[in-house]
Amino acid sequence: MGQNLVTEEKVFGELKKAVVETLRADENKIKPETSLIKDLGAESLDFLDINYRLEQAFGIKMARHFVLEHIEEMYGEGTALDENGQLTDKAVAVLKIRFGENVAELKPGMDMDEIPALVTAQSMVSGVMDILDSLPEKCTKCGASSWKSEDGVKVKCGSCGEAAEYSNGDDLIKAWLTKVQEEKKLF
Amino acid sequence: MLPLKDKVALITGSSRGIGNAIARKLALAGADIVVNFRKAGGSSQEQAEQLCREVEGMGRRALMVQADIAVKDSVKKLFAEVNEKFGRLDILILNAAKAPFKPIEKLFERELRQLVETNYLGNIFCIQEALPLLERSGGKIVFISSLGSRFYNPAYPLGSMKAAMESVVRDCAEGLRQKNISVNAVCGGIVKTDSFKVLRQFWENIDMLPESLFVEPDELADVVVFLCGKESRGITGQTIVVDKGLSNAICRLPESK
Ligand SMILES: [Zn+2]
């Protein structure tokens with residue numbers, strides 16, 4: 001469901017706030033192409049903090065698991081990573097569909113530990129936008145379709161005041177993978 | 001009088017959270033500190049550097065060593081550096097932990113191996129490599145456990161490794177008694193540190209626990225310092241639960257004002 005109640009600029013703004021609070025990073029250094037790991041020194045635990053802050057801000061649930069984990073859960077261990085934890089060609093194919101052909105670093109044999117470094121501010125923003133785009137047509141509580149937002153961050157029903165219920169990030173990744181599999185028959 | 005003056009303490013995984021609090025408390029008690037962290041170049045290293053500056057600010061010596069305890073060679077190097085810089089070790093705190101957060105039935109082989117390598121093998125590597133140094137000093141080993149060792153937590157396979165290590169603590173306490181090395185554990189309740197951030201993601205109602213049942217890192221650290229001092233000489237092979245009473249009662253009613 002397309003909705004313009006929360007703009008991408010607003011999401012980027014909230015992400016910057018979360019990154020500044022978690023990493024004590026300089027706000028001016030956070031550009032869309034900034035790698036949270038390579039450029040700002042974030043570690044996996046820091047992502048939990050950043051995700052939590054975004055969840056609190058927007059009333060959403062970010063994905064608990066990364067695309068690679070979902071691939072293996074859906075198509076079996078070894079489909080995304082070999083026994084040494086290195087990317088298979090199929091995993092690379094999926095990641096290129098998700099993150100764009102031009103992610104130069106992505107190649108089969110790449111170590112899984114290097115993947116998180118590919119996460120940029122923009123890819124975090126896109127993840128949040130995907131969830132926000134799952135806003136249903138109608139309020140699940142009263143059935144009205146009059147969403148509104150006073151602060152451009154939290155969305156609620158204009159009729160009964162119930163907070164918007166979005167899909168969670170993991171379900172969206174799974175649905176996306178199912179679609180990719182139907183179209184490309186990779187696995 | 002500082003109870004741990006001239007002692008040297010190594011705390012694995014001490015850049016953050018509980019390990020960081022323990023390092024500071026041990027330094028306050030007079031010990032020189034070895035700060036260990038796993039990953040070079042990230043926020044952990046930055047926090048480890050900060051901790052070293054704090055320790056030195058208290059007038060103690062500090063040594064920072066990057067080492068992944070899951071890798072035996074890395075552990076060997078860690079203890080070689082300690083020996084080279086201080087020539088002794090009196091206190092070994094086994095605090096480092098790393099685990100996937102998933103129900104056990106869903107763990108991939110790779111994740112299972114990582115779980116055992118860091119949280120079981122890694123700790124035993126540390127004990128083995130520390131032995132020659134601890135034997136000379138009549139040293140102390142304290143393992144940091146958590147209630148996950150005995151209670152169900154969603155998506156927390158680390159609990160099973162904590163349980164295994166509590167058993168190792170008991171075994172080593174007996175096995176190393178002749179060498180005058182004491183081994184004990186502190187089992188923490190719910191602490192609002194990094195791993196709580198993970199817990200919070202899988203256990204939505206955890207925020208409903210009364211604030212008074214959360215343990216502060218310093219409250220755990222104080223018991224660790226006690227176990228490292230001579231006042232605890234009668235305690236061996238024990239796991240002391242520090243949880244503000246969380247595990248004592250099944251039912252918790254809202255607190256009266
Ligand atoms: Zn409504």
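**Chain B: its sheet and its contact with chain A**

Let me start with one pair of strands. Strand S4 of chain B, residues 91-94, pairs with strand S5 of chain B, residues 140-146. The pairing is parallel and runs over four bridges. One residue to look for here is Leu94(B): its bridge partner in S5(B) is Phe143(B). Keep in mind that this is a predicted model.

Now the helix on this part of the fold. Helix H1 of chain B, residues 17-28, packs on the sheet. H1 touches four strands of chain B: S1 (8-11), S2 (32-37), S4 and S5. The direction of H1 makes about 175° with that of S1(B).

Let's step back to the whole sheet. In what order do the strands of chain B lie? Reading across, the order is S3-S2-S1-S4-S5-S6-S7. That is an open sheet of seven strands, with parallel pairing. At the edges sit strand S3 (62-66) and strand S7 (239-242) of chain B, and each of these pairs on one side only. On average, neighbouring strands of the sheet are turned by 20° against each other, direction ignored.

One more helix before we leave the sheet. Helix H2 of chain B covers residues 43-57 and lies across S2 and S3 of chain B. H2 runs at about 165° to S3(B). Remember H2; that helix comes back in a moment.

On to the partner chain. How many residues does each chain bring to the contact? Chain B brings 21 and chain A brings 18. Together the two chains bury about 1,900 Å², and 48% of that is on carbon and sulfur atoms. Three residues stand out on the chain B side: Phe108(B), Arg110(B) and Gln201(B). They supply 36% of the area that chain B buries against chain A, more than any other three residues.

Next, the polar side of things. Four salt bridges link chain B and chain A. One to look up is Arg16(B) with Asp46(A), where the closest N and O atoms are 3.4 Å apart. For polar contacts, the count between the chains is ten residue pairs, both residues at pLDDT 80 or more.

Which helices of chain B supply at least two residues each to the side that touches chain A? Here H2 returns, along with helix H4 (109-137) and helix H6 (194-202). H6(B) gives the most, with six residues.

Last point: the make-up of that side of chain B. By class, there are twelve charged residues, five polar and four nonpolar.

Key:
Residues are numbered from 1 along each chain as its sequence is written. Chains are lettered from A and ligands numbered from 1 in the order in which they are written. This is a predicted model: local features need pLDDT of at least 70, side-chain atom pairs count only at pLDDT 80 or more; totals for chains, interfaces and linings use all residues. Side-chain values use heavy atoms; hydrogens and water are left out. Two strands pair if DSSP finds at least two bridges between them. Axes are lines fitted to C-alpha atoms, for helices over the stretch in contact, and angles run from 0 to 180 degrees between N-to-C directions. Contact means heavy atoms within 4.5 Å. Buried area is the accessible area (1.4 Å probe) that two parts lose on being put together, summed over both. A salt bridge is a side-chain nitrogen of Lys or Arg within 4 Å of a carboxyl oxygen of Asp or Glu. A polar contact is a pair of N or O atoms within 3.5 Å; within protein, one must be able to donate a hydrogen and the other to accept it, and residues adjacent in sequence count only if both atoms are side-chain atoms. Ala, Val, Leu, Ile, Met, Phe, Trp, Tyr, Cys and Pro count as nonpolar, Asp, Glu, Lys and Arg as charged, and the others, Gly among them, as polar.
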